[in-house]
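Got your viewer open? Load the model below, and let's walk through it one selection at a time.

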Amino acid sequence: MSSVNGTKFNSAVFLLTGIPGKEDVHLWISIPFSLMYVISIVGNSVILFIIKTDPNPSLHEPMYIFLSMLAITDFGISITTIPTILGIYMFNSREISLNACFAQLFFIHSLQCIESSVLLLMAFDRLIAICNPLRYASILTLPRIAEMGLVFLLRGVAIIVPLPFFLKRFQYCQANVLSHSYCLHQEVMKMACSDITVSSIYGLFTNLLTMGLDSLLILLSYVMIIKTVLNIASHAECLRALNTCISHFCTVLLFYTPEIGLSVIHRFGKGSFPLLQILLGYISLLVPPLINPIVYSVKSKHLFNSSSGSSAGATGNEKHGPPVPSSTLTSETT
């Protein structure tokens with residue numbers, strides 16, 4: 001096992017890890033990973049292409065603009081992790097320089113923060129559509145959506161920028177073998193032989209300020225949505241309103257569940273459950289970009305029919321416009 005004792009910073013490397021004990025079948029493992037990446041990239045690209053080019057006005061409403069933002073972040077996460085994950089399983093290329101590692105973890109963490117923000121915006125969209133449908137169009141205007149998107153983009157980048165600079169100042173004199181096939185701040189930080197107190201506290205602060213705060217606000221949004229829906233007299237309209245939230249709810253679970261589990265293991269597991277840590281790591285980075293396009297294409301008939309070339313006149317079970325009782329419905333369908 002190599003280390004970086006006394007090595008100059010720019011020439012030092014970390015060693016990435018695939019699945020321990022399965023090195024002899026790494027090439028076979030690369031096949032499903034490659035398929036997942038292809039499906040993720042193609043799926044998110046198709047969604048972006050359809051929303052951008054389809055003349056159906058329903059696909060240019062706020063919900064689909066937020067879906068475009070989600071597809072872009074998922075696309076970015078896939079592109080960021082492809083080189084190292086496939087490099088390990090296809091070519092046994094484990095070495096990564098410190099600077100490349102810091103760059104990768106910056107993009108991974110910043111894109112995850114941005115995705116968390118997009119999920120919050122999508123929850124806000126559902127909240128306004130269900131709880132205040134008559135003001136939906138006046139609240140979620142295109143300029144306001146652009147402003148919210150820009151604010152959350154800057155938030156994600158600004159909060160994560162200090163992390164690689166903290167890591168760059170450290171000396172790395174311990175074992176340099178990482179437990180993942182990509183770089184994460186909380187793991188690289190533990191490789192340092194310097195005092196990591198400030199970096200550790202700041203890392204915890206970023207998690208609480210981004211994903212912690214976002215998940216709390218999303219939960220609050222759903223509490224308000226459920227409270228409103230339960231006041232709807234019609235059982236059919238009640239189910240219809242809840243049905244518009246299914247795609248988003250599934251996406252939230254896919255994103256936050258492995259992230260929370262991985263964060264807990266990294267901070268409190270102290271090397272326990274290594275296979276679970278590896279599995280959660282892959283789920284958190286590979287599954288959302290893979291499943292999100294499928295979930296939204298299946299649940300949104302507008303998107304599904306557009307992707308199959310028959311968007312004209314399509315209506316579906318899940319309408320992403322404001323779903324409220326028919327007497328006050330402000331639907332996106334035309």
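Start on the outside: select Phe205, Leu209, Leu213, Leu216, Leu217, Leu219, Leu220, Val223 and Met224, which together make a nonpolar surface patch of about 780 Å². A patch like this joins nonpolar side chains (Val, Leu, Ile, Met, Phe, Trp, Tyr) within 5 Å, using residues with over 30% relative accessible area and no salt bridge. A salt bridge would be a side-chain nitrogen of Lys or Arg within 4 Å of a carboxyl oxygen of Asp or Glu. Areas come from the Shrake-Rupley method with a 1.4 Å probe, and for residues only the protein chains shown count as cover.

A quick word on what you're looking at: this is a predicted model, where local features need pLDDT of at least 70 and side-chain atom pairs count only at pLDDT 80 or more, while totals for chains, interfaces and linings use all residues. Residues are numbered from 1 along each chain as its sequence is written, and side-chain values use heavy atoms, leaving out hydrogens and water.

Now click on Met224 alone. It sits in helix H8; helices here are DSSP runs (H or I, at least four residues; strands are E, at least two), numbered from the N terminus. Is Met224 buried or exposed? Neither: its relative accessibility is 40%, so it counts as partly exposed. That label lies between buried (under 20%) and exposed (over 50%).

Next, colour by secondary structure. You should find 12 helices and 2 strands, running β-α-α-β-α-α-α-α-α-α-α-α-α-α from the N terminus.

Time to go inside. The largest nonpolar core has 41 residues, and Phe66, Met122 and Ile218 have the most contacts within it. Such a core is a set of buried Ala, Val, Leu, Ile, Met, Phe, Trp, Tyr and Cys residues joined through side-chain atoms within 4.5 Å. Helix H3 gives the most, with 11 residues.

Zoom in on Phe66. Setting aside residues up to four places away in sequence, Phe66 touches Val118, Leu121, Met122, Asp125, Leu140, Ile145 and Met148. Contact means heavy atoms within 4.5 Å.

Last stop: helix H1. Its 28 residues reach 40 Å from first C-alpha to last, close to the 40 Å expected at 1.5 Å a residue. Among its buried residues are Phe33, Tyr37 and Ser40. His26 is in H1 too, and is buried at 7% relative accessible area. Beyond its neighbours within four places in sequence, His26 contacts Gly18, Ile19, Ile88 and Tyr89.

Notes: Buried < 20%, exposed > 50% of the residue type's maximum accessible area, 1.4 Å probe, protein only. Expected span 1.5 Å × (residues − 1). Patch = residues over 30% accessible without salt bridge, like charges linked within 9 Å, V, L, I, M, F, W, Y side chains within 5 Å.
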